[in-house]
Amino acid sequence: MATRKQDEFLLEAERSKVKPPPMYKVMLLNDDFTPMDFVIVVLQKFFSKDREQATRIMLKVHKEGMGVCGTYPKDLAATKVEQVVAFARQHQHPLACVMEEN
């Protein structure tokens with residue numbers, strides 16, 4: 001942006017605010033077939049949870065129907081969803097993993 005001052009141009013700094021990228025929750029959904037131990041393995045392997053954290057999340061999934069595994073930028077969340085679903089299918093489990101904007 002420029003303003004005119006006696007045949008000279010002065011440049012004015014334009015301030016722009018950069019917003020952080022939207023974050024997405026990655027969640028596991030309950031089903032009646034995936035073993036609880038497998039859910040714990042998934043939480044440890046893909047979400048770096050220790051045994052205690054993984055067990056707490058697994059019990060939340062079991063009792064409430066879903067549990068949040070973590071919150072990530074969109075690309076990372078989508079990758080984690082794909083990895084979990086592929087790993088579950090590879091082991092013949094119907095475990096569902098989804099993401100939603102936080």
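How many bridges join strand β3 to β5, and in which sense do the two strands run? The legends below take this predicted model view by view.

**View 1. The whole chain holds three helices and five strands.**
Along the sequence, the elements follow the pattern β-β-β-α-α-β-α-β. The radius of gyration is 22 Å, well over the 13 Å that the globule rule gives for 102 residues, so the protein is more spread out than a compact globule. The C-alpha trace spans about 80 × 25 × 20 Å along its principal axes. Buried residues make up 29% of the 102 in the protein. About 7,400 Å² is exposed, and carbon and sulfur atoms supply 52% of that area. Take the contacts between residues at least 6 apart in sequence: 66% of them join residues at least 24 apart.

**View 2. Three strands form an open sheet in the order β4-β3-β5.**
The pairing is antiparallel. Strands β4 (66-73) and β5 (96-101) stand at the edges. Each has a single partner strand, so one side of each is left without a neighbour in the sheet. From one strand to the next, the twist averages 25 degrees. Strands of a sheet pair through backbone hydrogen bonds, either parallel or antiparallel.

**View 3. Strand β3 pairs with β5 through six bridges.**
This view settles the opening question. Strand β3 covers residues 23-29, and the two strands run antiparallel. One pair to find is K25 and its bridge partner in β5, E100.

**View 4. Strand β3 also pairs with β4, over seven bridges.**
Here too the sense is antiparallel. Look for L28: its bridge partner in β4 is G67. In a regular strand the side chains alternate between the two faces of the sheet.

**View 5. Helix α2 lies across β3 and β4.**
The helix is built from residues 51-64. It runs at about 125 degrees to β4.

**View 6. The largest nonpolar core has 23 residues.**
Which of them touch the most other members? They are V26, L28, V42, L43, F47, V84 and L95. Five elements each supply at least two residues of this core: β3, α1 (36-47), α2, β4 and α3 (74-90). Helix α1 gives the largest share, seven residues.

**View 7. V42 is shown with its contacts.**
Leave out residues up to four places away in sequence. V42 then touches F47, V84, F87 and L95. V42, F47, V84 and L95 are also among the core residues that touch the most other members.

**View 8. S48 sits in the loop between α1 and α2.**
Its phi is near 55 degrees, a positive value in a residue other than glycine. Is S48 buried or exposed? At 65% relative accessibility, S48 counts as exposed, because the cut-off for that class is over 50%.

**View 9. Q92 sits in the loop between α3 and β5.**
Q92 is not a glycine, yet it has a positive phi of about 55 degrees. At 69% relative accessibility, Q92 counts as exposed.

**View 10. P22 lies in the loop between β2 (8-11) and β3.**
P22 is partly exposed, with a relative accessible area of 41%. Which residues is P22 in contact with, leaving aside neighbours within four places in sequence? They are Y72, P73, K74 and E101. P22 and P73 are 51 residues apart in sequence. In space, their C-alpha atoms are 6.4 Å apart.

**View 11. D75 lies in helix α3.**
D75 is exposed, with a relative accessible area of 64%. D75 and L28 are 47 residues apart in sequence. From C-alpha to C-alpha, D75 and L28 are 17 Å apart in space. L28 also appears in View 4, where its bridge partner is G67, and in View 6, among the core residues that touch the most other members.

Note on methods:
Residues numbered from 1 in each chain as written. Predicted model: local features only at pLDDT ≥ 70, side-chain atom pairs only at ≥ 80, totals over all residues. Heavy atoms only, no water. Pairing = 2+ DSSP bridges. Axes fitted to C-alpha atoms, helices over the stretch in contact; angles between N-to-C directions. Contact = heavy atoms within 4.5 Å. Core = buried A, V, L, I, M, F, W, Y, C linked by side-chain atoms within 4.5 Å. Buried < 20%, exposed > 50% of the residue type's maximum accessible area, 1.4 Å probe, protein only. Rg over C-alpha atoms; globule rule 2.2 N^0.38 Å. Areas by Shrake-Rupley, 256 points an atom, 1.4 Å probe, with all protein chains shown as cover.
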